[in-house]
There are 2 protein chains.
Amino acid sequence: MFFSKSFGYALRGVLYVSIEGKEGRKIQIEEIAEQLSVPRHFLAKIMKAVVKKGILNSTKGPYGGFSINKKTLNTKLIHLVELTDGTELFNNCILGLKNCNGKNPCPLHDEIALIRSQLLNKFGKTRVGDLTDEENVNFIKSLAVV
Amino acid sequence: MFFSKSFGYALRGVLYVSIEGKEGRKIQIEEIAEQLSVPRHFLAKIMKAVVKKGILNSTKGPYGGFSINKKTLNTKLIHLVELTDGTELFNNCILGLKNCNGKNPCPLHDEIALIRSQLLNKFGKTRVGDLTDEENVNFIKSLAVV
DNA sequence: CGAATAAAAGACATTAATATCTTTTTAAAA
DNA sequence: TTTTAAAAAGATATTAATGTCTTTTATTCG
Ligand code: FES
Ligand code: FES
């Protein structure tokens, strides 16, 4: 529900690099995939898109890997969702009607719109950096839980 | 987002029969699919499951079709979700972690749990019959919008 | 330069969701 | 009883999401 697996992988990948990649240390896809118990090549594909968006840096070759940049910690979660799932999902009728709007709303529209706006608001405000505080960082270890 | 297409088809189908099938009039799959602009055979498969769950009645043969029963209007939306999507989706970590609980929550857990409980609450309380009041019924015409 | 390393890119595979088509079963009515 | 209509059932097809494998490109270092 809510979002695709790809989104989970993307956010977890970015978080891993953000947390483990302090001081610009470069992290390799191998390590990320292993630590997060995520399919390596699939993650690589997603990380490539993340880099293309400028949310992380990457360098090829020996001693290369993924590293954070100025944008990383300021990236809002919604931008990661865009990347992996698109944003139509915030605007489509929950019943699949073609036009979701106030004009001819389905009977769930109002309450769904409310819930949806909370989610959108949360994802529009929360930044990657907000999820990497000391108090939060514990969870990263549990990412690998199989 | 939120739910599958199947869920939308299921609810819309049940609503159509509930609204158009007053006095026990039987509605045929052909009519439902056409009026809702939904793939006929796919809808048939879903309606079969709805009937199996006892949420609608059906009769084969001439003058047959789908009709409402005592359960129909009292059916909670959550039961339709169960039918089409299952309910794990209300309990899985939004980041894909294996265990979503308070023990070792991901940094989004609390807010997501809140939003999720609203949705669960809404779907656990709302009944099919709540969506078929006069004021709401207008939308049924827009179901067909392509 | 040449070897080694790591991401980028792209081809291919699998699975789950969605969709279509055909056959079987049930029931009504002539 | 035969015909016909309609859902049930099941087989097959398509598409999108997820996952794997191979080749290419860029970078470092000896
Ligand atoms: S019209 Fe259905 S959610 Fe807006
Ligand atoms: S642990 Fe992530 S949503 Fe509960």
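The following dialogue introduces a predicted model of protein chains and DNA strands.

User: Where should one begin with chain A, and how many helices and strands does chain A have?

Analyst: One may begin with the elements and their order. In this predicted model, chain A has 6 helices and 2 strands. Read from the N terminus, the elements run α-α-α-β-β-α-α-α. Along the principal axes, the C-alpha atoms of chain A fill a box of roughly 60 × 30 × 30 Å.

User: What share of the residues of chain A count as buried?

Analyst: A residue is called buried if its relative accessible area is under 20%. By that criterion, 47% of the 146 residues of chain A count as buried. Contacts add a further view of the chain. Of those in chain A that link residues at least 6 apart in sequence, 64% join residues at least 24 apart.

User: How is a single helix to be read, and what span does helix α5 of chain B reach?

Analyst: The span of a helix can be set beside the value expected at 1.5 Å a residue. Helix α5 of chain B covers residues 109-125, and its 17 residues reach 23 Å from the first C-alpha to the last, close to the expected 24 Å.

User: Which residues of α5(B) are buried, and why are they said to line one face of the helix?

Analyst: The buried residues are His109(B), Ile112(B), Ile115(B), Arg116(B), Leu119(B), Lys122(B) and Phe123(B). Seen down the axis of α5(B), these residues fall within an arc of 160°, so they line one face of the helix. On the other side, Asp110(B), Leu114(B) and Lys125(B) are exposed. The cover over the buried residues includes α5 (109-125) of chain A, as well as α1 and α4 (77-85) of chain B.

User: Is Ser67(B) buried or exposed?

Analyst: Here the cut-off of 20% applies again. Ser67(B), which is found in strand β2 of chain B, has a relative accessible area of 8%, and therefore it is buried. Apart from neighbours within four places in sequence, Ser67(B) is in contact with Val17(B), Gly24(B), Arg25(B), Lys26(B), Leu56(B) and Asn57(B).

User: Turning to the DNA, which residues come nearest to DNA strand C?

Analyst: One looks for the residues around the strand, and then for the parts of the strand that they approach. There are 26 residues around DNA strand C, of which Ile29(A), Ser58(A), Gly61(A), Phe42(B) and Lys45(B) come nearest. Of the atoms of DNA strand C within 4 Å of the protein, sugar and phosphate account for 64%. The surface near this strand divides into 10 nonpolar, 10 polar and 6 charged residues. Elements that each supply at least two residues of this surface include α3 (40-52) of chain A and α1 (5-20) of chain B.

User: Which atoms lie 2.9 Å and 3.2 Å from phosphate oxygens of DNA strand C?

Analyst: A backbone N or O atom of Ile29(A) lies 2.9 Å from a phosphate oxygen of DNA strand C. A polar backbone atom of Lys5(B) is 3.2 Å from a phosphate oxygen, and a polar side-chain atom of Ser6(B) lies 3.2 Å from a phosphate oxygen.

User: Which residues are closest to DNA strand D?

Analyst: DNA strand D is surrounded by 26 residues, the closest being Lys45(A), Pro62(A), Gln28(B), Ile29(B) and Ser58(B). A polar side-chain atom of Lys45(A) lies 2.9 Å from a base oxygen of this strand. For Tyr9(A), a polar side-chain atom lies 3.0 Å from a phosphate oxygen. A polar backbone atom of Gly61(B) is 3.0 Å from a sugar or linking oxygen.

Terms used: Residues are numbered from 1 along each chain as its sequence is written. Chains are lettered from A and ligands numbered from 1 in the order in which they are written. This is a predicted model: local features need pLDDT of at least 70, side-chain atom pairs count only at pLDDT 80 or more; totals for chains, interfaces and linings use all residues. Side-chain values use heavy atoms; hydrogens and water are left out. A residue is near a molecule or strand if one of its heavy atoms lies within 4 Å of it. A polar contact is a pair of N or O atoms within 3.5 Å; within protein, one must be able to donate a hydrogen and the other to accept it, and residues adjacent in sequence count only if both atoms are side-chain atoms. Helices (H or I, at least four residues) and strands (E, at least two) are DSSP runs, numbered from the N terminus. Ala, Val, Leu, Ile, Met, Phe, Trp, Tyr, Cys and Pro count as nonpolar, Asp, Glu, Lys and Arg as charged, and the others, Gly among them, as polar. The expected span of a helix is 1.5 Å times one less than its number of residues. Buried means under 20% relative accessible area, exposed over 50%, partly exposed in between (1.4 Å probe, protein chains only). The arc is that of the directions from the helix axis to the C-beta atoms. Contact means heavy atoms within 4.5 Å.
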